[in-house]
Amino acid sequence: MTRDPDELRRQILDLVREYHGSAFPSRPFAPDSGSVPVSGRVFDAEELVSLTDAALDFWLTSGRYAEQFEREFSRFWGLRHASLCNSGSSANLLALSSLTSPKLGDRRLRTGDEVLTVAAGFPTTVNPIFQTGLVPVFVDIDLGTYNVSVERLAEAVGPKTRAIFLAHTLGNPFDLDAVCELAARHDLVLIEDCCDAVGSRFGGRHVGTFGKLATVSFYPAHHLTMGEGGCVLTASSELNRLVESYRDWGRDCWCDPGMQNTCGRRFDWQLGDLPAGYDHKYIYSHVGYNLKLTDMQAAVGVAQLRKLPEFIERRRQTFQRLHRELQSLEEIFILPSWLEKAEPSWFGFPLTLRESAPFDRKPIIDHLTERGIGTRALFGGNLTRQPAYMGLQYRVAGDLANSDAAMERSFWVGVYPGIDEAMAAHMVESLKHFCSRY
């Protein structure tokens, strides 16, 4: 006799909750044997239940969970559109690609146009500039905030400059007043890389809502995780259509997976040199990609999204504790700083050794590693020194002294929600213990 599938699903999901309790028990942190990673997954039974529920549907591409996440995530930001994709790196590529679309006419970015960005950052903010035939212009940062020097940014504008593409470094909002004013004055398009900054605000307003487009990552290190995944956010329906076209093979059709004739004119279009009435599902307006994500990833994101306010608050609390308790080390370290209007949703706690420090970076990194405390460099350091970009066309505006300093003397430790009070205390004690030798 065939059993009721809905009842079987309920039983399976109940067993998944039970499995989580057995497979992922919580264990108290012990300084002599535990570790303090810089980032990691924070989840409970609901993520496993949601993931299993999506798997039981066996809808292997984007589906109901993706639609739910896009709807709820765009509402969180107060933006009209959220388009999921398979990574934050892809989100950056899609955002910039959309601005090169011929459908934008004279507003499109063209081969050889310049995009202002920082030299000290993560490569995937810069890579799409190269990949779309544009030219990056590298600008220096300010130590402490690790964001773009707005004075240097203003000086970097040239006759070919058309856009600004910047990340809010480690969740710390860059000076959006100054950058937006500069963009408006020179008619530049601003893209905000918010992959490290979900929940950060500037002047009471979410970062990501100032530029034409914003991007987010859902890699396990980030504020929310889907394992892999990303998102492009915008208030513009025109740009959202272009983002989704580049994401979905470059097609002109905007039907969701499994749907057809959403436009009501499927066999009534005539575009390019195609015969009149050619199937709209197979008309391509862009040289695009397939960068969609699966519904199973989105299902994890839906469960994670319910925890986002708590995640943001826990990050802020850990950051504030580290900042407060490490004040005594200011003669050795440049402690992180932020603008008065900024409310960061911190991704990490950055430290830079002062030039006068009695030791260099390697000994203290080794010390923290021995104590189980994870550290990271400030991403790629000065990217112009990376082998990937040697021989490529770019422009450097001014010197990159602070980018070099961050590459040589900066590192950061974690503030992700999995860090509890005992872990935070262990980080503080370990940093103070090492510095007390000097």
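What is the handedness of the crossing of α1 and α2? In this predicted model, where local features need pLDDT of at least 70, side-chain atom pairs count only at pLDDT 80 or more, and totals for chains, interfaces and linings use all residues, the crossing is right-handed, a term that applies if the near helix is turned clockwise from the far one by less than a right angle. Residues are numbered from 1 along each chain as its sequence is written, and side-chain values use heavy atoms, with hydrogens and water left out.

Helix α1 (residues 5-23) and helix α2 (residues 45-57) pack at about 145°, their axes 9 Å apart; helices are DSSP runs (H or I, at least four residues) and strands are likewise (E, at least two), numbered from the N terminus, while axes are lines fitted to C-alpha atoms, for helices over the stretch in contact, and angles run from 0 to 180 degrees between N-to-C directions. Among the residues making this contact (heavy atoms within 4.5 Å) are Ile12 and Val16 of α1, and Leu48 and Val49 of α2.

Elsewhere, eight strands form an open sheet with mixed pairing, in the order β1-β9-β8-β5-β4-β2-β3-β13, where pairing requires that DSSP finds at least two bridges between two strands. Because β1 (81-85) and β13 (395-396) stand at the edges with a single partner strand each, one side of each is left without a neighbour in the sheet. Helix α3 (residues 64-77) packs on the sheet, touching β1, β8 (213-217) and β9 (230-234), and its direction makes about 135° with that of β1. Strands β2 (residues 114-118) and β4 (residues 161-167) pair in the parallel sense over three bridges, and valine 115 has alanine 163 in β4 as its bridge partner.
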